[in-house]
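Trainee: I've got a new structure to look at, and I'd like to learn how to read it. Could you walk me through it?

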Amino acid sequence: MRKVFTSNEVSETALVRDALVHHGVEVTIQNEHSGASAVPAFRPPAEIWVRNDDAYESARQIVVDTIATLDRKSDAPPWACS
């Protein structure tokens, strides 16, 4: 197993995990529930690990592409709740 992603943001971790699973990459998440820790100073980031080392390079590219998509601004008009 190899670590392919780490984040303190639960939503980011979930999106990256889902992208990897969608592409058929088997993953394990470590520290998935650390954001719920009662001790604020001890909140280790969640980590996504690829189960098959041979899938690491393709998984890494999926992570890069997913994060780039999250960081990209949309040309769509801002969404507003009615």
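Mentor: Happy to. Let's start with one word we'll lean on: a residue is called buried when its relative accessible area is under 20%. Keep in mind too that this is a predicted model. Now try the word out on Ala-59, which sits in helix α2. Its relative accessible area is 0%, so Ala-59 is buried.

Trainee: Which residues does Ala-59 touch, not counting those up to four places away in sequence?

Mentor: Val-4, Leu-20, Val-25 and Val-50. You can also compare sequence with space here: Ala-59 and Met-1 are 58 residues apart along the chain, while their C-alpha atoms are 12 Å apart.

Trainee: Let me step back. How many helices and strands are there in the protein chain?

Mentor: Two helices and three strands. Read from the N terminus, the elements go β-α-β-β-α.

Trainee: And how do I read a sheet?

Mentor: Here's the general idea: strands of a sheet pair through backbone hydrogen bonds, and they do it either parallel or antiparallel. In this model, the three strands form an open sheet in the order β1-β3-β2, and the pairing is antiparallel. β1 (2-7) and β2 (27-30) each have a single partner strand, so they stand at the edges with one side lacking a neighbour in the sheet. Neighbouring strands are turned against each other by 25 degrees on average, ignoring direction.

Trainee: How many bridges join β1 to β3?

Mentor: Five, with the two strands running antiparallel. As an example, Thr-6 has Glu-47 in β3 as its bridge partner. On the other side, β2 pairs with β3 (residues 46-50) over four bridges, again in the antiparallel sense. There, Thr-28 is partnered with Trp-49 of β3, and Val-27 stands opposite Val-50.

Trainee: Is β3 enclosed or left open by the rest of the structure?

Mentor: Count its buried residues: four of the five are buried, so β3 is largely enclosed by the rest of the structure.

Trainee: Where do the helices go, then?

Mentor: Look at what each one touches and at its angle to a strand. Helix α1 (residues 10-22) packs on the sheet and touches β1, β2 and β3, with its direction at about 145 degrees to that of β1. Helix α2 (residues 56-71) lies across β1 and β3 and runs at about 15 degrees to β1.

Trainee: Can we look at a residue in α1?

Mentor: Sure, take Thr-13, which is placed in that helix. Its relative accessibility is 5%, so Thr-13 counts as buried. The Thr-13 side chain reaches the backbone oxygen of Glu-9 at 3.0 Å. Leaving aside neighbours within four places in sequence, Thr-13 is in contact with Phe-5, Ser-7, Ile-29, Ala-46 and Ile-48.

Trainee: What about a threonine in the other helix?

Mentor: Thr-66 lies in α2. With a relative accessible area of 14%, Thr-66 is buried. Not counting residues up to four places away in sequence, Thr-66 touches Leu-15, Val-16 and Ala-19.

Trainee: Which members of the largest nonpolar core touch the most other members?

Mentor: That core has 16 residues, and the ones with the most contacts to other members are Val-4, Phe-5, Val-16, Leu-20, Val-25, Ile-48 and Val-63. β1, α1, β2, β3 and α2 each give two or more residues to this core, and α2 gives the most, with five. Follow Val-25 as a sample: outside its neighbours within four places in sequence, Val-25 is in contact with Leu-20, Val-50, Ala-59 and Ile-62. So you're back at Ala-59, where you began.

Trainee: Last one: how do I judge the overall form of the chain?

Mentor: Compare its radius of gyration with a rule for globules. Here the radius is 15 Å, well over the 12 Å that the rule gives for 82 residues, so the chain is more spread out than a compact globule. Along its principal axes, the C-alpha trace spans about 45 × 35 × 15 Å. Buried residues make up 29% of the 82. Finally, among contacts between residues at least 6 apart in sequence, 61% join residues at least 24 apart.

Methods: Residues are numbered from 1 along each chain as its sequence is written. This is a predicted model: local features need pLDDT of at least 70, side-chain atom pairs count only at pLDDT 80 or more; totals for chains, interfaces and linings use all residues. Side-chain values use heavy atoms; hydrogens and water are left out. Two strands pair if DSSP finds at least two bridges between them. Axes are lines fitted to C-alpha atoms, for helices over the stretch in contact, and angles run from 0 to 180 degrees between N-to-C directions. Contact means heavy atoms within 4.5 Å. A nonpolar core is a set of buried Ala, Val, Leu, Ile, Met, Phe, Trp, Tyr and Cys residues joined through side-chain atoms within 4.5 Å. Buried means under 20% relative accessible area, exposed over 50%, partly exposed in between (1.4 Å probe, protein chains only). A polar contact is a pair of N or O atoms within 3.5 Å; within protein, one must be able to donate a hydrogen and the other to accept it, and residues adjacent in sequence count only if both atoms are side-chain atoms. The radius of gyration is taken over C-alpha atoms; the globule rule is 2.2 Å times the number of residues to the power 0.38.
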